[in-house]
Structure formats: structure tokens, C-alpha cells
Amino acid sequence: KKSSATVVCLATGGFPSNWTLDWKMGGTSTSSGVSTSLEVLGTDGCYSWSSTLSLSVDQWKKAGSVSCEASLSGQSPVTQTLNTDQCSE
């Protein structure tokens, strides 16, 4: 039986110092269980980096949805949402 869930948000093609990656569970912001990778410089001169959200199975089931929001100052954020019922156990 699985005891945890891990969701990864990958950002590419920018400069990580200008961006923030934030998580929401069921529409509520969270920083618990979040870790951010070091950036990797690509051959195109742009960076890739990621943020990982680790949850217990109970947290995952209760959330209903998990969203990663990429924000750049002065611009509208880009959000990707995963509904927990889209994933099997």
C-alpha cells in the first residue's frame, strides 16, 4: 500500500531568480512538504528547475486537487492543476 504521493512541477526556459513556483492544495497555498531543485543551465542559455510537493496519502485524498503556480513579477501567473481523481493508487 502506498503511503505517500509526490507531485513535481517542472519549469523551463527562463531564469529562476525571476520566477517563483508555489503550490496549492484544494485551492489553499501550502509550503509544507515542498522542496526546490537547483537550476540547470541548458545549451540554449536558459534554465530548468523544479519544485516537488510530498504528501501523505490522506493529504492527497483530502486535497481534491493540487496546483503549481509559476509567477513572474508583473505578469499573470501560469497554473497547472492536477485533480487527485486523475491518478490511480
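Which residue stands opposite T36 in strand 6? Select T36 and follow the pairing across: the residue facing T36 is S51, in strand 6. Keep in mind on this tour that the model is predicted.

**Stop 1: strand 6 and its partners**

Color residues 47–56, which make up strand 6. The T36 pair you just found belongs to a wider match, since strand 4 (residues 34–36) is joined to strand 6 by three bridges and the two run antiparallel.

Next, select residues 40–41. This is strand 5, which pairs with strand 6 in the antiparallel sense over two bridges. Here L41 stands opposite Y47. Strand 5 and strand 6 form a hairpin with five residues between the strands, and G45 takes a positive phi near 85° there.

Now bring up strand 1, residues 4–14. Strand 1 and strand 6 are antiparallel partners too, over 10 bridges. To see one match in that ladder, click V8 and then T52, its bridge partner in strand 6.

**Stop 2: S50**

Stay on strand 6 and pick S50. Is S50 buried or exposed? Its relative accessibility is 15%, so S50 counts as buried, the cut-off being under 20%. Leaving aside residues up to four places away in sequence, show what S50 touches: V8, C9, L10, L21, S35, T36 and S37. You have already met T36, opposite S51, and V8, the partner of T52.

**Stop 3: the nonpolar core**

Move on to L53 and display its neighbors. Beyond four places in sequence, L53 touches A5, T6, V7, W23, M25, T30, S32, G33, V34 and V66. L53 also belongs to the largest nonpolar core, which has 15 residues. Select L21, W23, L53, L55, W60 and V66 together; these touch the most other members of that core.

Which elements give two or more residues to this core? They are strand 1, strand 2, strand 6, helix 1 (57–63) and strand 7. Strand 1 provides the largest share, four residues.

**Stop 4: the open sheet**

For a change of view, show strands 3, 2, 7 and 8. In that order, these four strands form an open sheet with antiparallel pairing. Strand 3 (28–30) and strand 8 (78–83) are at the edges with a single partner strand each, so one side of each has no neighbour in the sheet. Look along the sheet for its twist, which averages 30° from one strand to the next.

Now zoom in on strand 2 (residues 19–25) and strand 7 (residues 65–72), an antiparallel pair joined by seven bridges. Click T20 and you can find its bridge partner, S71, in strand 7.

**Stop 5: the salt bridge**

Where does the last stop take you? How many salt bridges does the structure hold? There is one, and you can see it by showing the side chains of E69 and K24, which meet at 3.8 Å, N to O. The pair links distant parts of the chain, with E69 in strand 7 and K24 in strand 2, 45 residues apart. Side chains of opposite charge can pair when their charged atoms come close.

Finally, switch on a surface and look at each partner in turn. E69 has 18% relative accessibility and therefore counts as buried, whereas K24, at 28%, counts as partly exposed.

Technical notes:
Residues are numbered from 1 along each chain as its sequence is written. This is a predicted model: local features need pLDDT of at least 70, side-chain atom pairs count only at pLDDT 80 or more; totals for chains, interfaces and linings use all residues. Side-chain values use heavy atoms; hydrogens and water are left out. Buried means under 20% relative accessible area, exposed over 50%, partly exposed in between (1.4 Å probe, protein chains only). Contact means heavy atoms within 4.5 Å. Two strands pair if DSSP finds at least two bridges between them. Axes are lines fitted to C-alpha atoms, for helices over the stretch in contact, and angles run from 0 to 180 degrees between N-to-C directions. A salt bridge is a side-chain nitrogen of Lys or Arg within 4 Å of a carboxyl oxygen of Asp or Glu. A nonpolar core is a set of buried Ala, Val, Leu, Ile, Met, Phe, Trp, Tyr and Cys residues joined through side-chain atoms within 4.5 Å.
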